[in-house]
Amino acid sequence: MYKLLLILLFTHVLAVTTEDIYDNSYALIIGIDKYKNKSLDYAVKDAESVANLLKDKFNFPPTNIKTLLNDEATFLNIRNSLSEIASSAKENDRVLIYFAGHGITDILPDGGEMGYLLP
C-alpha cells in the first residue's frame with residue numbers, strides 16, 4: 001500500500017497539463033463544402049467537429065478559435081485571420097491551422113510536385 005501511495009504521489013507531481021506548457025492557444029479552422037464545380041459532403045462538419053474538440057478537450061479559449069465555413073473562407077478572410085493570429089500569438093503559445101476542403105497537385109518543371117489548398 002505504501003508503494004502505491006508513493007507511485008500515485010510521484011505521478012501527480014510529474015503530471016504536466018497544457019496550461020503548464022502553453023501560455024495561450026489559437027486556432028484557425030476552415031471548412032469548405034461548396035465549390036463551383038464540385039461539392040464535398042463532410043468538410044464543414046469536420047471543421048465544426050475540430051473546433052468543438054479544441055474547446056472541449058484541448059482547452060482552447062472559444063474567443064481564440066476563428067472558424068471560416070464555405071463563403072466565409074475567402075482569400076481576404078483567411079489572410080486577415082492568419083494575420084490576427086500572427087500578431088496575437090507569442091513565443092509560448094500554440095497555434096493550430098485546420099483546413100477541410102479541396103486541394104490540387106501540380107507537377108513542377110524540374111520534377112517533383114507542389115500541393116495547394118483550394119479555398
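Let's start in a loop of this predicted model: asparagine 59 sits between helix H3 (43-56) and strand S2 (65-69). Its phi is near 55°, a positive value in a residue other than glycine. Most residues other than glycine have a negative phi. With a relative accessibility of 44%, asparagine 59 counts as partly exposed, because that class lies between the 20% and 50% limits.

A second asparagine is worth a look as well. Asparagine 70 belongs to the loop between S2 and helix H4 (75-88), and its phi, near 45°, is again positive in a residue other than glycine. Asparagine 70 is buried, because its relative accessible area of 18% falls under the 20% limit.

**The chain as a whole**

Now for the wider setting. The protein chain holds four helices and five strands, and along the sequence they follow the pattern α-α-β-α-β-α-β-β-β. Of the 119 residues in the chain, 26% are buried. The chain exposes about 8900 Å², and carbon and sulfur atoms supply 57% of that area. If you take the contacts between residues at least 6 apart in sequence, 64% of them join residues at least 24 apart.

**Strands and their partners**

How do S1 and S2 run relative to each other, parallel or antiparallel? They run parallel, and five bridges join them. The chain passes from S1 through H3 to S2, and this β-α-β crossover is right-handed. Within the pair, isoleucine 30 has leucine 68 of S2 opposite it.

Further along, strand S4 (residues 102-107) and strand S5 (residues 113-118) pair in the antiparallel sense, over six bridges. Here threonine 105 faces a glycine, with glycine 115 of S5 standing opposite. The hairpin of S4 and S5 has five residues between its strands, and in this hairpin glycine 111 takes a positive phi near 100°.

The positive phi values described so far can be set side by side:

| Residue | Phi | Location |
|---|---|---|
| Asparagine 59 | near 55° | loop between H3 and S2 |
| Asparagine 70 | near 45° | loop between S2 and H4 |
| Glycine 111 | near 100° | hairpin of S4 and S5 |

**Two buried serines**

Serine 25 lies in strand S1 (residues 25-31). Is serine 25 buried or exposed? It is buried, since its relative accessible area is 5% and the limit is under 20%. Leaving aside residues up to four places away in sequence, serine 25 touches Phe60, Pro61, Asn64 and Arg94. With arginine 94 there is also a polar contact, made between the two side chains at 2.6 Å.

Serine 81 lies in helix H4. Its relative accessibility is 4%, and serine 81 therefore counts as buried. Which residues does serine 81 touch, not counting those up to four places away in sequence? They are Leu28, Lys66 and Leu68. Leucine 68 has already appeared in this report, as the residue of S2 that stands opposite isoleucine 30. Serine 81 of H4 thus gives a handy point from which to view leucine 68, a residue that serine 81 touches and that belongs to the parallel pair of S1 and S2.

Terms used:
Residues numbered from 1 in each chain as written. Predicted model: local features only at pLDDT ≥ 70, side-chain atom pairs only at ≥ 80, totals over all residues. Heavy atoms only, no water. Buried < 20%, exposed > 50% of the residue type's maximum accessible area, 1.4 Å probe, protein only. Contact = heavy atoms within 4.5 Å. Areas by Shrake-Rupley, 256 points an atom, 1.4 Å probe, with all protein chains shown as cover. Pairing = 2+ DSSP bridges. Polar contact = N/O pair within 3.5 Å; in protein donor to acceptor, adjacent residues only side chain to side chain. Right-handed = clockwise from strand over helix to strand, strands pointing away.
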